[in-house]
Amino acid sequence: MKIKNELRRRSYRYLYKIFVFLMIFLTVFILPFTLAVQRKAESQMSNIIRKANKQVLQQIHHDYEYYKEYISALCLTVYSRNDVMALMYNHELSYMDVHATMRSLDTNIVNAQPSVLSISVYNCKKKEWYSTEKRGVDYYNEDGAFLAETEELSRLTPIFRKIKVSEQPEAYSYVFSYLMYEYENPGKDSSLVIINQNADWLIEALTQVSKNNGEAKAYLAGKDGTFFSHEDMGEAKEVDLLNECMEKIRNGELQNSYGDYLARDESSLVSYLCVNDYGDVLILLQDYEKVFKDITDIRKVFLLFTVICIFLGLFIICFFSKILYKPVDELIKFTEEMKELPELQKKKHGSEFQRVQEILEYSAKKNEILQQQKVANDDILRRLLLGKLLCDHDGSIWKEYKKVLPNTAFAIQEFWDITVVIVKLNEFDNNRYDFKTSDEELLLYSVGNVCMEMLGTEYLVENTRQNEMETIFVLNRKSQEGGQNSLLKILEEVKEFCSENLDIELSIAISENANDISKLAGLYKDAQDCLKYQMIYGSENILTTKLCAENMKNNAMSCSSESKKRLLDALRIRKTDKIENELDNIGKEIAKLNCDYVLFAVTEVLTLIYTCINDMYDLSRKGKRIDFNKFSVMVLEEERLSDMLKSLKKIVSGAFYCKDEACSEEEPQFLNSVIEYIELNYTDINLSLQNIADFLSLSPRYLSKKFRQCTDISLNDYILNYRMKQAAILLTDTNLSIKKVAESVGIVNENYFYQLFKKQFGCTPREFKINGGKNQYV
C-alpha cells in the first residue's frame, strides 16, 4: 500500500512537471514565435519599402548610365574630329576656322541632340576657349572657371554642376559636364573638350518619384554640396538630412553604393545611391511614421492575438496534461522494473527520466562503437587478405577471403578480367604546397581516392599497401567491353589531375589482364617488374609489359665493347662534345638492357671514365684526381638513367674544363698506336723515343711534339710513369724481389728504380711492399 501511494504521489509530481513544462513551452516558444512572426512581417514590409526605394533610385541611375554612355561616345566623336583637334593644338588659327568649326558643332550636334546644352574647346597653347554659344572665342567661358576650381579632373565622367545661362542673377541651369583630354592625368592647363548635358531629364525623373511615392522627396547631391530637386528646397530640416547623408558618405560610414538608414532623430528614412565615382549621390527622403504606418497597425493586431493565444494555451495545457500523465507514469514504472546495466548500477542520482536516458544513451554509444570497430576491422582484414592474395600461388588465400568476407564485391564476382596497377609516389621535396615526408600517408590517401573515383566507373576496385610510397590497385572490369587502352587513358587523367592539383608526380605500372583470380600473384609480379623500368622510361610513361618487353628479353649485361672503346678514344683526345656524343650512344644501349643490369652497366662506364681521367692526371702531373666514391654516389643516387648520364657528363665536363686540353679528332689513332706499343714493350730495357718513332715511321722530334700536344706530357715521362704503375702492381700481387720487379719493367739500375718509384708514390718500393700499397704511400 505504501508503494502504491508513493507511486501515486510521484505520478502527480510528474503531472505537475508536465504542466510546468507546457507553461514554459508556451512562454518560451509560442510567445517568442508570435513575436518572431510579427518581426518577420515587419521586416518583410520594411524590405518591400526599401526594395521599392532601391528600384526607384536604380531606375534614375539606369537613365544616368544610359546618358553617360551616350554623351561619352558623343564626346569621343567630337574629340576625334580633325577640325576640333586643330582648335585644341594649333598655334595659329583664323577667325573663319574657329567660327566654321563651332558652327558645325552647333548645327550638327548641339541642335541635333536636345540633351546637349553646349560644347566648349580649350586651346592650351593660345590660352583660349571656344564655345558653341559664342561660335568663336569665349573670353568669359564659365567652363574655364569651373576647371580652375576643380581639384581632380576625370575623363568622360559626368560632373554635376550649376551654370549661368544669362546675366540675370537667378538665371542658371543644372548640367552634367563631360571632359575629354589626351593624357590620363592632365594639368590645369591642358587642351580639352567639354560637353555640357542639360539635366532636364533628371528633373522629370525626380518629379515622377514624388508623384509615385506620395510624401517622398528625391534629390541629386553634388560633391561640392549642391542639392538639386524638381522643386525648391524645403525646410532647413531636409537640408540637414541631406548634409548628414553626404557627411556619412565622405567619412566612409556608408561604404556601399546603395543603402538606407534611419536619421538621427528617427523621423525620416534616408535612402541613397552613389551614381558615379566623382561624388554625385541620389538621395530619397521619406517620413518614417507615414511610411511605416502599416507596421504600427500590425503590432497592435499581433498584441491582441498574443493575449488570445495565452488564454487558449492555458486551457489546452490543463486538458493535455491529464492526457499525457498516464503514459508517462507507465513508462516510469517499466523502466524501474528493468535490469540495470553493470556500468550504471552505481548511479542512483537523478530522476527516472534521466535514468532511462542514461541507459538508452549508453546502449546507443556501445552500439556505435561496435559498429565502428566492425567497419574498421573489416577494412583492415580486407586489405590484409588482399595483400596475401598478391602473394598467393595456390589459391588457399582466395578461399579464406571468400569465407571471411562473403559480401564484398570481389567475393560475389563471377566475371573476371583482372589487372594489377601499382601507383608509386615520386619525390615531392619542391612541392608548391610544401608537402613533407611526413605527409606521405595523406598524399597516398588522396591519390587513392582520386584513383577509386576515376576507375570506379568501369572497374571494381580494391586497394592495399605493400611498400612505402606505393599503393596497389586490383581492378576487375565490370563489363567485357573496352580494354587496356581505356585503362591507360584513365590513368593518364589520374596523373594529370595529381600533377595539376597536388603538384606531385606518379609512376604507374600495369600488369597484363587475366580471367582467373588465381593468377593475381603473377599479375602483381608483372606490375612490380614493370615498375623497375621507371629508371629507364621515367614517370612520364605508364609502364606496361608491352613497353618493357624488349628490355626484359635482353640478356646483355653491359653496353658493347665497341662503344666503350669509342668512349675511351674520345676521353684520351679530351674532346668534350665527342665524349658527350659517345655517352649518349652508350645511354641508348643501356636503355635497352634489362633493369637488373642497368646499374652494373652505368658503374662500368663510370669506372672506365674514372680510370682514364685519373691516368691522364697522373701522366700530366697536375696533382689532382677525381674521387671515385664521391662521383659514384653522385651518379648512382639518381633514380633515372637520363639523370645518371647527365651526372657523367658533368664529371667529364669538370675534368676537361680548359679549352687547350683537347687535341684534334684526327689524332686518336696515332695516340692509341703509341700507347699500345708502350703497353706491349715496356719490359724492354731498350724501349725509347727512337724505337717508337721507327715503328710508326715518324721522326723522333715530330713524335715527341705530337704526343705532348695530345697528352700534355712528354713521351719519356709517360713510359716511366707506366713502368712505375706496373711495378706497383707486381710489388702488391707477387713475391718477386725489388730487383726482379725493376728488371720486369725494363729498368736495370736498382738505385735508379728506387729514385723513380719514390718520386711517383712518395715512398720506397720496400715500404710500399711492406704496407701492401696502402693509400698513405700513394
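**Figure 1. Close-up of the salt bridge between helices H16 and H17.** At 5% relative accessibility, Glu582 counts as buried in this predicted model. Its side chain meets that of Arg566 in a salt bridge, with 3.3 Å from N to O. Arg566, in contrast to its buried partner, is partly exposed, having a relative accessible area of 37%. The pair links distant parts of the chain, since Glu582 lies in helix H17 (residues 576-590) and Arg566 in helix H16 (residues 561-573), 16 residues apart. Side chains of opposite charge can pair when their charged atoms come close.

**Figure 2. Close-up of the salt bridge between Glu440 and Arg465.** The side chains of Glu440 and Arg465 meet at a distance of 3.5 Å, N to O, in a salt bridge. Distant parts of the chain are linked by this pair, 25 residues apart: Glu440 belongs to helix H11 (residues 440-455), whereas Arg465 sits in the loop between strand E13 (459-464) and strand E14 (470-477). Glu440 is buried, with a relative accessible area of 13%, while Arg465, with a relative accessible area of 29%, is partly exposed.

**Figure 3. Close-up of further salt bridges.** The count for the model comes to 11 salt bridges. One of the pairs joins Lys126 to Glu128, for which the closest N and O atoms are 4.0 Å apart. In this pair Lys126 counts as partly exposed, at 26% relative accessibility, and Glu128 counts as buried, at 18%. Elsewhere, Asp417, Glu458 and Arg477 are linked with one another in a network of salt bridges.

**Figure 4. Close-up of the open sheet and its strand E10.** Five strands form this open sheet, in the order E8-E7-E11-E10-E9, and the pairing is antiparallel. The edge strands are E8 (227-228) and E9, each of which pairs on one side only. Strand E9 (residues 258-262) is joined to E10 by five bridges, and the two run antiparallel; within this pairing, Tyr258 has Leu273 of E10 as its bridge partner, and Leu262 stands opposite Leu269 in E10. E10 also pairs in the antiparallel sense with strand E11 (residues 281-287), over seven bridges, and here the bridge partner of Tyr272 is Ile283 in E11. Six of the seven residues of strand E10 (residues 268-274) are buried, so the strand is largely enclosed by the rest of the structure.

**Figure 5. Close-up of the largest nonpolar core and the surroundings of Phe176.** The largest nonpolar core has 42 residues, of which Val78, Ile119, Phe176, Val193, Ile195, Leu202 and Leu282 touch the most other members. Helix H1 (residues 2-80) supplies the largest share of this core, namely eight residues. Leaving aside neighbours within four places in sequence, Phe176 is in contact with a set of residues that includes Tyr64, Pro158, Ile159, Phe160, Ile195, Trp201, Leu202 and Leu220. Polar or charged residues are also among the contacts of Phe176, including Asn196, Gln197 and Asp280. In soluble globular proteins, nonpolar side chains tend to be buried together.

**Figure 6. Close-up of helix H22 and the second nonpolar core.** A second, separate core of 35 residues includes Ala693, Leu720, Leu731 and Phe761. Ala693 belongs to helix H22 (residues 689-696), in which Ile692, Ala693 and Leu696 are buried. Seen down the axis of H22, the buried residues fall within an arc of 100°, so they line one face of the helix. An α-helix has 3.6 residues a turn, so residues three or four places apart point the same way. H22 is followed by Ser697, whose phi is positive, near 60°.

**Figure 7. Close-up of regions that differ in predicted confidence.** The protein chain has a mean pLDDT of 76, and 77% of its residues reach 70 or more. Among the elements of the chain, strand E3 (residues 136-137) has the lowest mean pLDDT, 51, and helix H25 (residues 738-744) the highest, 89. Over residues 1-11 the pLDDT is below 50, and this stretch has 10 contacts in the model beyond near neighbours in sequence. The pLDDT is also below 50 over residues 657-662, a stretch with eight contacts in the model beyond near neighbours in sequence.

Terms used. Residues numbered from 1 in each chain as written. Predicted model: local features only at pLDDT ≥ 70, side-chain atom pairs only at ≥ 80, totals over all residues. Heavy atoms only, no water. pLDDT = per-residue confidence, 0-100. Helix = DSSP H or I, 4+ residues; strand = E, 2+ residues; numbered from the N terminus. Contact = heavy atoms within 4.5 Å. Buried < 20%, exposed > 50% of the residue type's maximum accessible area, 1.4 Å probe, protein only. Core = buried A, V, L, I, M, F, W, Y, C linked by side-chain atoms within 4.5 Å. Arc of directions from axis to C-beta. Pairing = 2+ DSSP bridges.
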